[in-house]
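Biologist: I'm new to this one, could you put it up and walk me through it?
Modeller: Gladly, here it is.
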Amino acid sequence: MFRHKRIKQYQIAHKTVKVKWVDTLIDGKSVGINYLGDNRVEIVKYNIKSNEAATLIHEIVHSILDEMGEKQNERFVQGFSELLTQILLTAK
Ligand SMILES: [Zn+2]
C-alpha cells in the first residue's frame, strides 16, 4: 500500500511544506530537520529506503503537532513515528 519515495512537498491544512533531500544537515549529525515556521523540511539521503521513510514520517509528525498547537515532545514524536512507519511499510 505505502511505498516510500522522495516526495518534494506535502500539504498540511492550508500550508505546503517543501521537502529537500540533502547529503548532510547543518549540524553534521542529524538525519532530519523541520523548519516549522518556514514550512520546509530537510532530510539526509540514505541507502536504506526504510530509514528515509522513518525520517520523513518523523518530520511529518512534527508538522502535525505544530498544526494542532501541541508541544513538540521528541520522545513522543520518535515513538509515534517509528510505529506509524512500521504500520505503513508492512500494511498489505
Ligand atoms: Zn524530531
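Biologist: To get my bearings, where is the place of K5?
Modeller: K5 sits in the segment before β1, where strands (E, at least two residues) and helices (H or I, at least four) are DSSP runs numbered from the N terminus. Residues are numbered from 1 along each chain as its sequence is written. This is a predicted model, so local features need pLDDT of at least 70 and side-chain atom pairs count only at pLDDT 80 or more, while totals for chains, interfaces and linings use all residues.
Biologist: Is K5 buried or exposed?
Modeller: K5 is exposed, because 9 other C-beta atoms lie within 10 Å; by the cut-offs, a residue is exposed with 12 or fewer such atoms within 10 Å, buried with 20 or more, and partly exposed in between, with C-beta atoms placed from the backbone.
Biologist: Switching to the sheet, in what order do the strands come?
Modeller: The order is β1-β2-β4-β3 in an open sheet of four strands with mixed pairing, where two strands pair if DSSP finds at least two bridges between them. β1 (9-12) and β3 (32-35) are the edge strands, each pairing on one side only.
Biologist: And how many bridges join β3 to β4?
Modeller: Four bridges join them, and the two strands run antiparallel, with β4 covering residues 40-44. Within that pair, I33 stands opposite E42 in β4.
Biologist: What does helix α1 touch on the sheet?
Modeller: Helix α1 (residues 49-68) packs on the sheet and touches β1, β2 (15-22), β3 and β4, a contact being two residues whose backbone-placed C-beta atoms lie within 7 Å.
Biologist: Which residues make up the largest nonpolar core?
Modeller: That core has nine residues, namely V17, V41, I43, A53, A54, L56, I57, I60 and V61, where a nonpolar core means buried Ala, Val, Leu, Ile, Met, Phe, Trp, Tyr and Cys residues joined through C-beta atoms within 7 Å. α1 gives the most to this core, with six residues. Leaving out residues up to four places away in sequence, I57 touches S81, L84 and T85.
Biologist: New topic: what is the phi of N39?
Modeller: It is near 55 degrees, a positive value in a residue other than glycine, and N39 lies in the loop between β3 and β4. Most residues other than glycine have a negative phi. A13, in the loop between β1 and β2, also has a positive phi, of about 50 degrees, although A13 is not a glycine.
Biologist: Why does N39 count as partly exposed?
Modeller: N39 counts as partly exposed because it has 15 C-beta neighbours inside 10 Å, whereas A13 is exposed, with 9 other C-beta atoms within 10 Å.

Conventions:
Axes are lines fitted to C-alpha atoms, for helices over the stretch in contact, and angles run from 0 to 180 degrees between N-to-C directions.
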